[in-house]
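Visitor: Could you take me through this structure, one question at a time, giving the reasoning behind each answer?

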Amino acid sequence: MARVACSNLVPALSLLPKKSTSSFPVCRNHSFFTNNSQFTGFFGIANRRFSASSSKISMSLKAGIVGLPNVGKSTLFNAVVENGKAQAANFPFCTIEPNVGIVAVPDSRLNVLSELSKSQRAVPASIEFVDIAGLVKGASQGEGLGNKFLSHIREVDSILQVVRCFDDNDIVHVNGKVDPKSDIDVINLELVFSDLDQIEKRLEKLKKGKARDSQSKLKEEAEKSALERIREALMDGKPARSVALTDFEKDAVKHLCLLTMKPVIYVANVAESELADAGNNPYVKEVMNLAFELQSGLVTISAQVESELTELPFEERNEFLKSLGVSESGLGNLITATYSLLGLRTYFTSGEKESKAWTIHAGMTAPQAAGVIHSDFEKGFIRAETVSILIRFFGSLY
């Protein structure tokens, strides 16, 4: 019999009987667990909720890292990937190529469940970070190296834009001075130009109207209408995600993987000495205001600290963070913000063979959550049973 141990698997669970003796035969060798945690951070928009039109979730989320040269972008990427490798211990980790790294999502509850079930192995959820060359003004027209790699982040789930929020005379700023607003404007404008180029090419093809049946024609008309409205927004300097689209229109334009359609998290990179009190950093305050105005997420990190963490034994890293006045690494903060902005949650299956973390959309019903594992689990779902006593083992969640 499978059981669900949770404080609030999803809102729909309240519709299920609180006590039941019927069995759930679809997945006998697993127990299901999830969270009811609150996310922290500064966000300009509410968490996204699950809808029937939401895309299927994979075990590995993807986040693209962008920014100007010399803002700490690659330093952060290298450190986060290395830290993720250490935190994952025997969990899956790989570096596919120099600018792509997959790390396990650290979650102490998975270890607790694994020990309770005496599992042979623990399998965490994972997140893939893609780091591209620094963007400069004119990148969309071929300036610098960034434009060459923009296609690499078209299929990511979210964009992490690293913004320099520290002064250092030894590290030259590409524009001569530290100016977060100017930096953000440059990057956002290049993403807008890149999307405009995509849209113009697509609209030219749509003019030929090659739809063979009424359903395809209907979809092309929806796509054309949506792209024309998105183009207007982009011409005004607004991102594609600011345009109100129906689910049908979103599905019609999804194949273009527009960069400005993706949710953005601004990563304010501060000096080590300012990490514990980053809220008083004037640059961070500026980024915070912009993130709120642009309805995006914000995370404050120190790429310098993340780099230093990689040089320490794993057991000494928490003490080092405490000495700086912080409790969590940049990797944990980035994952927390990404899950929150995308409206995602984690739940677990646990048995003797393995304990495993799964990623679901907030608002999914219990059958839909089971369907993430296998569609047959959703079709044959009977009920979910809660075991609230296990809540005490769980703390915060990403």
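**The second largest cavity and its surroundings**

Guide: In this predicted model, the second largest cavity is lined by Val105, Asp107, Leu110, Pro124, Ala125, Tyr339, Thr346, Phe348 and Ala357.

Visitor: How many residues of that lining are nonpolar?

Guide: The lining of the second largest cavity, which holds about 40 Å³ of space, includes Asp107 and Thr346. Its residues divide into 1 charged, 1 polar and, for the nonpolar class, 7.

Visitor: Is helix α10 largely enclosed by the rest of the structure or not, and why?

Guide: Helix α10 covers residues 330-342 and reaches 18 Å from its first C-alpha to its last, close to the 18 Å expected. Its buried residues include Leu334, Ile335 and Tyr339, and Tyr339 also belongs to the lining of the second largest cavity. Because 12 of the 13 residues of α10 are buried, the helix is largely enclosed.

Visitor: Which residue follows α10, with a positive phi?

Guide: The helix ends at residue 342. The residue that follows α10 has a phi near 70 degrees, and that residue is Gly343.

Visitor: In β8, which residue is the bridge partner of Val103?

Guide: Strand β6 (residues 100-104) runs antiparallel to β8, and 5 bridges join the two. In β8, Ser126, Glu128 and Val130 point one way, whereas Ile127, Phe129 and Asp131 point the other way. Since 6 of the 6 residues of β8 are buried, the strand is largely enclosed by the rest of the structure. The bridge partner of Val103 in this strand is Ile127.

Technical notes:
Residues are numbered from 1 along each chain as its sequence is written. This is a predicted model: local features need pLDDT of at least 70, side-chain atom pairs count only at pLDDT 80 or more; totals for chains, interfaces and linings use all residues. Side-chain values use heavy atoms; hydrogens and water are left out. Helices (H or I, at least four residues) and strands (E, at least two) are DSSP runs, numbered from the N terminus. The expected span of a helix is 1.5 Å times one less than its number of residues. Buried means under 20% relative accessible area, exposed over 50%, partly exposed in between (1.4 Å probe, protein chains only). Two strands pair if DSSP finds at least two bridges between them. On a 1 Å grid over the protein atoms alone, a cavity is a set of points where a 1.4 Å probe fits but cannot get out, and a pocket is an open set with protein on both sides within 12 Å along at least five of seven lines; lining residues have an atom within 4 Å of a point. Grid points are joined across faces, edges and corners, and a volume is the space filled by probe spheres set on the points. Ala, Val, Leu, Ile, Met, Phe, Trp, Tyr, Cys and Pro count as nonpolar, Asp, Glu, Lys and Arg as charged, and the others, Gly among them, as polar.
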